[in-house]
Amino acid sequence: SIAAGARGFIPKTLPLKSLANILRLVADGEVYLPASFAKRGADSDSENLGLKPREKYVLGYLCEGLQNKEIGRQVGIDETIVKMDVKSICRKLGARNRTQAVIEAKKRGLY
């Protein structure tokens, strides 16, 4: 669908409170795909890095450009837990910060 010109995919299971943010994102010209879609192709690589299931979700939302508070709402955890997960993800990917973690994840084909 994306290749045919769709600007995103919004699953029925998406929390209603996330819908407004996603619609703004798409209206600004960005493409939206849920982290779970990106995760499907990345399972074997992320397992080799030792990423825990929640860290995979957090990394997916990092790659979408969400802030820690937004990621916490999406995953259903406190912002401080997200910060710890981001720190762990950076360590496992050999990145110094969240931006480098996203670049490294995309380089490795994780997202």
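This passage describes the confidence, salt bridges, helix burial and one pocket of a predicted model.

The structure examined here is a predicted model. The protein chain has a mean pLDDT of 83, and 85% of its residues reach 70 or more. Confidence varies among the elements of the chain: the lowest mean pLDDT, 58, belongs to helix α3 (residues 43-49), whereas helix α6 (residues 79-93) has the highest, 95.

Four salt bridges are present in the structure. Side chains of opposite charge can pair when their charged atoms come close. One of these pairs consists of Arg 54 and Asp 85, whose side chains meet at 2.7 Å from N to O. Because Arg 54 belongs to helix α4 (residues 53-63) and Asp 85 to helix α6, this salt bridge ties together parts that are 31 residues apart in sequence. The two partners can also be described by their accessibility. Arg 54 counts as partly exposed, at 37% relative accessibility, while Asp 85 is buried, with a relative accessible area of 5%.

Helices α4 and α6 also contain the partners of another salt bridge, between Glu 55 and Lys 92. The closest N and O atoms of Lys 92 and Glu 55 are 2.8 Å apart. Since Lys 92 lies in helix α6 and Glu 55 in helix α4, the pair ties together parts separated by 37 residues in sequence. Glu 55 counts as buried at 3% relative accessibility, and Lys 92 counts as partly exposed at 23%.

A further salt bridge joins the side chains of Glu 104 and Lys 107, with an N to O distance of 3.9 Å. Both residues lie in helix α7 (residues 98-107), where their spacing of three residues separates them by about one helical turn. An α-helix has 3.6 residues a turn, so residues three or four places apart point the same way. Lys 107 is exposed, its relative accessible area being 64%. Through salt bridges that share partners, Glu 104, Lys 107 and Arg 108 are joined into one network.

Helix α4 is mostly covered, eight of its eleven residues being buried. The buried residues of α4 are Glu 55, Lys 56, Val 58, Leu 59, Gly 60, Tyr 61, Leu 62 and Cys 63. Glu 55, already described as a salt-bridge partner of Lys 92, is thus accompanied in this list by Val 58 and Leu 59, among others. After α4 comes Gly 65, which has a positive phi, near 90 degrees.

The second largest pocket has a volume of about 220 Å³. Its lining is formed by Ser 18, Asn 21, Ile 22, Leu 25, Tyr 32, Tyr 61, Glu 64, Gly 65, Leu 66, Glu 70 and Gln 74. By residue class, the lining of this pocket divides into five nonpolar, four polar and two charged residues. Helices α1 and α5 (68-75) each supply at least two residues of the lining, and α1 gives the most, with four. Tyr 61, listed among the buried residues of α4, takes part in the lining, as does Gly 65.

Two of the lining residues, Ser 18 and Gln 74, are joined through their side chains by a polar contact of 2.6 Å. Ser 18 is found in helix α1 (residues 16-27) and is buried, with a relative accessible area of 4%.

Key:
Residues numbered from 1 in each chain as written. Predicted model: local features only at pLDDT ≥ 70, side-chain atom pairs only at ≥ 80, totals over all residues. Heavy atoms only, no water. pLDDT = per-residue confidence, 0-100. Buried < 20%, exposed > 50% of the residue type's maximum accessible area, 1.4 Å probe, protein only. Polar contact = N/O pair within 3.5 Å; in protein donor to acceptor, adjacent residues only side chain to side chain. 1 Å grid on protein atoms, 1.4 Å probe; cavity = no way out; pocket = protein on both sides within 12 Å on 5 of 7 lines; lining within 4 Å. Points joined across faces, edges and corners; volume = space filled by probe spheres on them. Nonpolar A, V, L, I, M, F, W, Y, C, P; charged D, E, K, R; others polar.
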